[in-house]
Amino acid sequence: MCGIVGITANESVSSNIISALKKLEYRGYDSAGIAINTESQIHQKKVKGKLDNLILSLQKDGFDGKVGIGHTRWATHGEPSERNAHPHSSRKVSLVHNGIIENASELKSRIELKNYNFESDTDSEVITALITHYLNEGHDHMESVKQTISLLEGSYALAIIFSDLKDKIIGARNGSPLVAGTDGNSNSLGSDSIALSAIANKVCYLEDGDIVVLSRENVEIYNSSGDKANREFVDIGIMDTEVSKGSYNHFMEKEIHEHPKAVGETFRQFIDHDQGIISVDDIGLNFNDISKVHLIACGTAYYSCLVAKYYFEQYARLPVECDMASEFRYRDPVLDNKALYIFVSQSGETADTKAALDFCKDAKVRTLSIVNVMNSSIARESDYCLYTKAGAEIGVASTKAFTAQLSVLLSMALHCGTKNNNVTIEQNRQICKEIMQAPQILEKTIKRSYELKETAKAIIDSKGVMYLGRGTAFPLALEGALKFKEISYIHAEGYPAGEMKHGPLALIEKDLPVVCIVPPGPLFPKTVSNIQEVIARGGRILMITDDDSLKSSSENIWKIFRLPKTPKSIEAIVYSVPIHMLAYYTAVQLGNDVDQPRNLAKSVTVE
Ligand code: M6R
């Protein structure tokens, strides 16, 4: 899952390629490269590490021209190194690739490539080798690309330049996102519209099987049958341009501070002010006709599904299944025509989630997506779509998108419950009032979360951290542990508090930090008993609660982080703030790269 870009213009393109790559670094940042077709030949530069290394290297020894391509990499085949960085070039052709070529080794051993001198360990270089081979055989550029991609198995988005084509880029897409952009002065290709926001005012989301030919004047798109395709160019969205850290130190810090806005804006779409209720009416889906909900996603988005299981069961009394997308499609699941299949994704491009959606589409069951990025593949391909209004999320660790996902899922569950008479209008009205308080309570919680800085300082030397909860606090424990390990690189595990004595209690030893998420209610005393079992074995408890009955000294609790009083309906949303903040402060204390943690990428567009 890499970021690719290509620009052809009437002026020099290298600085615009670098700016576009900067916006694509969330897709991978272990190496970067650029190739420019100058008047005489293709010049390229590749470096290991982040894009800044490429910028420094170009400052020392740069080149420029009016057509070029660029790449930021997340390694799949071959270690992160200069050798494996893209572009991959021959004397005639240079290309950048996002995706995985599954039959690369088989292709490399084809007879026609036996004399090709492969310089990298990547799967991508075989594409360069094949195109070069077909050019050598006398095929024209388009035909060489067509012949090559007809042999590829797997996924790809490609941007290709040729040494003897001074203003053209050929692009192709299958399974990996690719967007064409235009602004009258230049034409461009990129992995998403954010990348193109500075160089295009209109974009076109290409479809699988498309091949696109960009010259300075034109963008021509051909579909998988080779016919000219008339695809729509749409205005680039406002969200696509908002990618600055403002006064914050990290995007993650900024994005945690945006929880109130993300949640407020997301709920706002569903508030029926006339009746004072939550309603999700106008997407054309008959909510009365749903007999079961099946939620599918990856990572943090999957944890929002686990919370939503409680919402749909409680409010709509519907049976709910949750699946990690990577498991779902390989399990030969039994699909149900009366069920609604819901796909949750911040990026809308996650390969496993998209593949699970494709699987359901092929089976002709009803699909709905909950997505943050407008016009992303999952948003476009599902039957129905509801957007989270979180705004651009750049930090690899997902924060505000999570609470926005919970906001859509809660609204849907309430709406279904109201439609199937399990929630009265009066109850809906009451919960709607509570929901309207959410941004304010989130603001207060964020202000208090600064206390967690000290807690973070005290746990940075721990060899592990446990997160415990019951009810919706259990998926929050999973989310807390994921966020913590993702950016602190310290092992963390989330567990249902009641399950501890069935095994994980063995992990508790003197001073092991245990984060307990304990909202008030019937499960409170039960979790407090589990906490005592941990304390008895030497664990240090950080309790997160808005219950004010408990005194830490009397219960031997190490620290209590107290939230403002929170209505039950929005508990999971509000309790997300301290768990995100704790992970953030810990990573900062450790001096880690908070926004771009090692080995990860924001958008996981490979399986
Ligand atoms: O874009 P998506 O919501 O589909 O991404 C899913 C996961 O890759 C993502 O939530 C990941 O787990 C985050 N880095 C967690 O913070």
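**Legends: domains and ligand site**

**View A. Domain arrangement of the predicted model.** The C-alpha centres of domain 1 and domain 3 are separated by 45 Å. The domain assignment of the protein places domain 1 at 3-238, domain 2 at 245-436 and domain 3 at 448-595.

**View B. The ligand between two domains.** Residues of the shell around the ligand come from both domain 2 (245-436) and domain 3 (448-595), and the ligand therefore lies between these domains. At least two shell residues are supplied by helix H8 (299-316), and at least two by helix H15 (473-488). The ligand occupies the largest pocket.

**View C. Residues of the shell around the ligand.** The ligand is surrounded by 15 residues, of which Ser345, Gln346, Ser347, Thr350 and Glu486 are the closest. Classified by residue type, the shell comprises six nonpolar, seven polar and two charged residues.

**View D. Polar contacts of the ligand with Ser347, Thr350 and Val396.** In the side chain of serine 347, an N or O atom is 2.7 Å from an oxygen atom of the ligand. For threonine 350, a polar side-chain atom is found 2.4 Å from an oxygen atom of the ligand. The contact of valine 396 involves the backbone: one of its N or O atoms there lies 2.9 Å from a nitrogen atom of the ligand. On its own the ligand has 410 Å² of accessible area, and the protein covers 91% of this area.

Methods. Residues numbered from 1 in each chain as written. Predicted model: local features only at pLDDT ≥ 70, side-chain atom pairs only at ≥ 80, totals over all residues. Heavy atoms only, no water. Near = heavy atom within 4 Å. Polar contact = N/O pair within 3.5 Å; in protein donor to acceptor, adjacent residues only side chain to side chain. Areas by Shrake-Rupley, 256 points an atom, 1.4 Å probe, with all protein chains shown as cover. 1 Å grid on protein atoms, 1.4 Å probe; cavity = no way out; pocket = protein on both sides within 12 Å on 5 of 7 lines; lining within 4 Å. Sits in = over half its atoms within 2 Å of the grid points. Helix = DSSP H or I, 4+ residues; strand = E, 2+ residues; numbered from the N terminus. Nonpolar A, V, L, I, M, F, W, Y, C, P; charged D, E, K, R; others polar. Domains from an automatic or database assignment.
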